[in-house]
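Hi,

Here is the structure I promised to pass on. Have a look at it first, and then read my notes below.

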Amino acid sequence: MNDTTAPKDPEQKRDFFYIIKNKEIYGARTEDGRGIQYLYQDCDRLVNSAQITGGITDEAMLDLLRSVNGLKKLVHSIGVSVTAKEPMENVSFIFQMYGKKDLYGGGTQIRAVFHGDGAEQRIYLSDLTWKEDDFIPGQIRVVMEKPGQTARLNVRFYLNDGYYAPKINEEEEVEFGSADYKEMIAGSLVSLGDCTRLKRAIMRAQNGEEVTIAYIGGSVTQGAGAVPIHKKCYAYLSYCDFKKRYRAGENVRFIKAGVGGTPSELGVIRFERDVLRDGRVKPDIIIIEFAVNDQGDETKGDCYESLIRKALKLDGQPAVVLLFSVFADDENLQERMIPIGRHYHLPMVSIKDAVTSQFYKESGEGRVITKNQFFYDRYHPTNAGHRVMSDCLGYLWEQAGIVGEETQEMQSTAQILKKEPLIGNTFEDVRLLDQVNPYDKAEIMPGGFTETDPILQCVEMDASLEPVQEFPYNWHYSGKDPGQPYFEMAITCRALVLIFKDSGETDAACADIYVDGKYIRTADPYVNGWVHCNPMIILNEKNSARHLVKVAICEPDRNKKCTILGFGYVEA
């Protein structure tokens, strides 16, 4: 008789819903030579996935997904499957809960190892040993044995008794190039504006002259949601489309400068470094994408307009294009931004205008792409979504190329800058100050901030997968020698922005900020809860003057760490 195990009784059929369905993932190289894909579930991302991918509308069920205790009450088991190119290789799945006291280290990690053959494996929540510090669902990690591989991931929640999920409607494939698709893409064009500068760049590319296309924005411009991020993001796709459309080759250069989770308040400071490469690059076309990031802009449009003016007044007179991406809740800030674009007669493209209304149509009645197909998570597009964004820019290229002879000459820089700003231009001439970008009217007295922090937000720049550290020339307080728990700087300026490192680590310190002895605000490293660059305005006056700035570690945190990434200053 064979030594076999008796089969289990058939499992009770349970309602379920997907939080990730047929999602393409990519294994970015890790230090140990494997590949990893992160899928963050915090900040209501899990709730949004349940709504968009799972079709859940019950508010009580959605609310349960906001905590670990609620997750345990709602979910009976988790079904996971990965379809990889090498189906017999091991794939590790980790669903990490975040802790209340220790964000990254205090929560339970739900783990499973299986093959990439597409077969579903169930993880039963009742089998797990949960931790006392469990707080919220945090992140999913998928680890593959070899880096650089793509795969398809499915994750679904099977529900406990008493909870129900709607029937799943199968999605039709997106018909790129169909009549409905072309109509959707055409709906993205808010305005051609004065496209003289854009036409000039197109003609130069056609003539074989050197042309540089630069993109600056947040995580969507960085490429989040694209797999792989460097070659499937909208920026790279639209750059390739531009080259193909105008029969250009290596004479067209690509600059990508997207930094996740950051507004134009930071973009205007890093413009010279990340777009102009400290004077080495003269872009001919600059696409600005901050419509889903600028809720965090303290100036409510001043920094955005300052960035536009900074770009428009460059010697090379580049074309400036405003791009408005959109969140899964159909929201962005284009109503604030479009009037600025009209003020300067700029070409404008709205992804919101293109896709949101058709999301609510039925298949065959004008719906081209579903929200699940367009969005990777509540913030970022899938590969299909990035292609839509690229095609929307491509429609702008097309319309600019066929527009008739201009009725007005290209506005000179002087003419543009004569315009009174619509919201403000306080930070038009802001410059970065850090350890390699000094300012002769700033005297640094670092106190205990004598080290350099290597653990920084990293982004994939241009067409490379190699992560680049943001603000590596920083001032770091390690907490090892708390005898001088402060940083001081005497500076002549009229406006000043502190760039401060956010962190979710337990050993991060809060710091009080003083200007001329007056308390201004506290820099709290837990505002965003992840390693992140956070700009904070600490001085904004009409006239330039000498000021003493002090960053002082809060007394309970003097054995913890704090990093000043840099400053943005406006001299006069």
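**Around β9**

Glutamine 149 sits in the loop that runs between β8 (134-144) and β9. Keep in mind that this is a predicted model. Is glutamine 149 buried or exposed? With a relative accessible area of 12%, glutamine 149 counts as buried, because the cut-off for that is under 20%. Its side chain reaches the backbone oxygen of lysine 146 at 3.0 Å. If you set aside the neighbours within four places in sequence, glutamine 149 is in contact with Ile25, Tyr26, Gly27, Glu86, Glu89 and Met144.

Strand β9 itself (residues 150-159) has 9 of its 10 residues buried, so the rest of the structure largely encloses it. Which strands pair with β9? Strand β1 (residues 16-26) does so in the antiparallel sense, over 8 bridges, and isoleucine 20 has valine 155 in β9 as its bridge partner. Strand β4 (residues 75-84) also pairs with β9 in the antiparallel sense, over 9 bridges; here glycine 79 is bridged to arginine 156 of β9.

**Rings and charges**

How many aromatic pairs are there? The count comes to 24. One of them joins tyrosine 98 and tyrosine 104, edge-to-face, with 5.4 Å centre to centre and 90° between the planes. Tyrosine 98 is buried, at 3% relative accessibility, while tyrosine 104 is partly exposed, with a relative accessible area of 24%.

Phenylalanine 449 and phenylalanine 487 make another edge-to-face pair, this one at 5.9 Å centre to centre with 80° between the planes. Phenylalanine 449 is in the loop between β17 (442-445) and β18 (458-460), and phenylalanine 487 is in strand β21 (residues 486-502), so the pair ties together parts 38 residues apart in sequence. Phenylalanine 449 and phenylalanine 487 are both buried.

There is also a cluster to look at: Tyr215, Tyr234, Tyr236, Tyr239 and Phe254 are linked by ring pairs.

Two charged residues lie over ring faces too. Arginine 122 is over the face of tyrosine 158, at 3.6 Å from the ring centre, and lysine 23 is over the face of tyrosine 376, at 5.5 Å from the ring centre. Tyrosine 158 brings you back to β9, which covers residues 150-159.

**Two helices**

Helix α13 (residues 383-402) has 20 residues, which should span 28 Å at 1.5 Å a residue. The end C-alpha atoms of α13 are 29 Å apart, which agrees. Of those 20 residues, 14 are buried, so α13 is largely enclosed by the rest of the structure. At the start of α13, a side-chain oxygen of threonine 382 comes to within 3.3 Å of the backbone nitrogen of alanine 384.

Then there is helix α5 (residues 196-206). Which of its residues are buried? They are Thr196, Arg197, Leu198, Lys199, Ala201, Ile202 and Ala205. When you look at that list, remember that an α-helix has 3.6 residues a turn, so residues three or four places apart point the same way. Among the buried ones, Leu198, Ala201 and Ala205 are worth viewing together with that in mind. After α5 comes glycine 208, with a positive phi near 85°.

Have a look and tell me what you think.

Cheers

Notes: Residues numbered from 1 in each chain as written. Predicted model: local features only at pLDDT ≥ 70, side-chain atom pairs only at ≥ 80, totals over all residues. Heavy atoms only, no water. Buried < 20%, exposed > 50% of the residue type's maximum accessible area, 1.4 Å probe, protein only. Helix = DSSP H or I, 4+ residues; strand = E, 2+ residues; numbered from the N terminus. Phe/Tyr/Trp six-rings, centres within 6.5 Å; stacked < 30°, edge-to-face > 60°. Lys NZ or Arg CZ within 6 Å of the ring centre and 35° of its normal. Pairing = 2+ DSSP bridges. Polar contact = N/O pair within 3.5 Å; in protein donor to acceptor, adjacent residues only side chain to side chain. Contact = heavy atoms within 4.5 Å. Expected span 1.5 Å × (residues − 1).
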